[in-house]
Amino acid sequence: MRRVTALAAGLLLALTACGSSEPAATQSDGSPVAAQPVSITDARNKKIDLPKPAAKVVGLEWGVVENLITLGVMPVGVADVKGYTTWVTAAKLDASVKDVGTRGESSVDAIVALNPDLVITTTDESASTIAQLEKAAPVLVVRGADAKNAIPQMKKNLELVGAAIGKTKEAADANAAFDQAVAEGKKKIADAGKAGEGFTMADGYKQGSTISIRMFTKGSLLGAVAGELGLKNNWTGEGDPDYGLAQTDVEGLTKLGDGSFLYIASTSDGGDVFGGDLAKNAIWKNLPFVKSGSVHRLPDGIWMFGGPKSTEQFIDATVQAVTS
């Protein structure tokens with residue numbers, strides 16, 4: 001599940017789509033209109049030219065895969081199908097989708113065998129792997145995340161994927177639906193008298209006897225969304241420049257005040273360190289939000305680094321937790 005990255009800050013995202021990527025279905029005489037070429041500039045500032053919108057697509061990061069399905073295109077191949085099925089419930093895979101290896105270590109041979117029109121990955125992918133893939137198919141690279149512009153980056157990635165597959169309108173509609181979900185969630189929190197209240201967002205995992213905790217700063221996607229809902233992030237430290245994540249341990253949580261402590265875990269992948277391993281820990285039990293009963297495990301299957309659909313799941317769960 002955890003692929004923690006610290007990408008070079010110099011990587012920039014440029015998003016443009018030229019030409020028509022959504023041709024009309026038929027001409028005036030009823031005959032089909034030939035699909036028009038698509039030209040896109042990706043996160044590497046590289047121009048990707050396709051003879052027509054991509055239909056057979058391989059996705060090597062789960063956020064990309066979620067976006068494809070959201071826009072109505074089921075990928076032919078996905079990196080780590082089992083992991084995706086565990087961690088992403090907002091956009092479900094068909095049984096026909098082929099597994100092409102793990103995220104970060106996908107199988108070039110497995111991808112080539114699918115004869116894709118396009119491979120979509122992120123700036124987390126190694127340059128050497130991208131170069132190998134480009135020998136077999138066009139590769140579109142989107143930026144994994146941007147802690148300075150978390151929500152705009154999420155939207156740009158969806159728009160870029162939409163341009164590549166001829167679904168620009170669907171991408172615009174999905175982003176508009178996300179904006180509406182934020183507005184409705186913000187109103188519910190305000191109506192409940194919870195606007196401005198503190199929160200903490202985290203996940204945790206155990207390696208041997210050591211428990212590590214990842215804090216979602218204001219630069220993380222979920223931290224930024226919670227801020228838009230009118231909540232105040234109790235974790236004030238900085239995170240990495242891409243995903244906005246910071247590392248700490250249970251002692252590091254003592255700097256936090258009261259407020260809702262929100263976390264995501266998976267019963268089938270890593271378990272629940274907050275509800276299990278730390279339940280008898282003296283430091284944990286004496287934290288203000290633990291003593292006040294303000295610890296909330298959000299539902300399994302909300303992908304923390306996804307697109308609008310996963311993030312809407314987070315909005316619903318957060319509003320429920322904060323206002324209940």
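**Figure 1. Asp146 and its surroundings in the predicted model.** Asp146 is buried in this predicted model, its relative accessible area being 11%, a value that falls under the 20% limit for a buried residue. The residue sits in the loop that runs between β10 (139-142) and α5 (150-165). A polar atom of the Asp146 side chain lies 3.0 Å from the backbone nitrogen of Lys148. Once its neighbours within four places in sequence are set aside, Asp146 is in contact with Gln153, Gly219, Pro241 and Asp242.

**Figure 2. Helix α5 and the residue that follows it.** How far apart are the end C-alpha atoms of α5, and what span should its 16 residues have? At 1.5 Å a residue the helix should span 22 Å, and the end C-alpha atoms are 23 Å apart, which agrees. Helix α5 is mostly covered, since 13 of its 16 residues are buried. After the helix comes Gly166, whose phi is positive, near 75 degrees.

**Figure 3. The hairpin of β2 and β3.** Strand β2 (residues 38-41) directs Val38 and Ile40 one way and Ser39 and Thr41 the other way, and all of these residues are buried. The strand runs antiparallel to β3 (residues 47-50), to which four bridges join it. Within this pairing, Ile40 has Ile48 of β3 as its bridge partner. Five residues lie between the two strands of the hairpin, and in this hairpin Asn45 takes a positive phi near 65 degrees.

**Figure 4. The salt bridge of Arg44 and Glu134, and the network around it.** Arg44 and Glu134 form a salt bridge in which the closest N and O atoms are 2.9 Å apart. Arg44 belongs to the loop between β2 and β3, whereas Glu134 belongs to the loop between α4 (127-133) and β10, so the pair ties together parts that are 90 residues apart in sequence. Arg44 counts as partly exposed, at 29% relative accessibility, and Glu134 likewise counts as partly exposed, at 29%.

**Figure 5. The salt bridge of Glu61 and Arg103.** The side chains of Glu61 and Arg103 meet in a salt bridge, with an N to O distance of 3.2 Å. Glu61 is in the loop between β4 (57-59) and α1 (62-70), and Arg103 is in the loop between β7 (101-102) and β8 (105-106), so the pair ties together parts of the chain that are 42 residues apart in sequence. Are these two residues buried or exposed? Both Glu61 and Arg103 are buried.

**Figure 6. The salt bridge of Arg214 and Asp203, with the network of Figure 4 for reference.** In the salt bridge that Arg214 forms with Asp203, the closest N and O atoms are 2.9 Å apart. The pair links distant parts of the chain, with Arg214 in strand β12 (residues 210-216) and Asp203 in strand β11 (residues 198-207), 11 residues apart. Both Arg214 and Asp203 are buried. Elsewhere, salt bridges that share partners join Asp42, Arg44, Lys46 and Glu134 into one network. The structure holds 14 salt bridges.

**Figure 7. The open sheet of five strands.** Five strands with parallel pairing form an open sheet in the order β6-β5-β4-β9-β10. Its edge strands are β6 (98-99) and β10, each of which pairs on one side only. Strand β5 (residues 77-78) pairs with β6 in the parallel sense, over two bridges, and Gly77 stands opposite Lys98 in β6.

**Figure 8. Pro75 in the loop between α1 and β5.** Pro75 lies in the loop that connects α1 with β5 and, at 2% relative accessibility, counts as buried. Which residues surround Pro75 when its neighbours within four places in sequence are left aside? Pro75 is in contact with Val57, Val65, Leu68, Ile69, Leu93 and Val97. The C-alpha atoms of Pro75 and Val65, which are 10 residues apart along the chain, are separated by 7.0 Å.

**Figure 9. The whole chain as context for the close-up views.** The secondary structure of the chain comes to 11 helices and 16 strands, and 51% of its 324 residues are buried. Of the contacts in the chain with a separation of 6 or more, 63% are between residues 24 or more positions apart. About 14,000 Å² of the chain is exposed, and carbon and sulfur atoms supply 50% of that area.

Note on methods. Residues numbered from 1 in each chain as written. Predicted model: local features only at pLDDT ≥ 70, side-chain atom pairs only at ≥ 80, totals over all residues. Heavy atoms only, no water. Buried < 20%, exposed > 50% of the residue type's maximum accessible area, 1.4 Å probe, protein only. Polar contact = N/O pair within 3.5 Å; in protein donor to acceptor, adjacent residues only side chain to side chain. Contact = heavy atoms within 4.5 Å. Expected span 1.5 Å × (residues − 1). Pairing = 2+ DSSP bridges. Areas by Shrake-Rupley, 256 points an atom, 1.4 Å probe, with all protein chains shown as cover.
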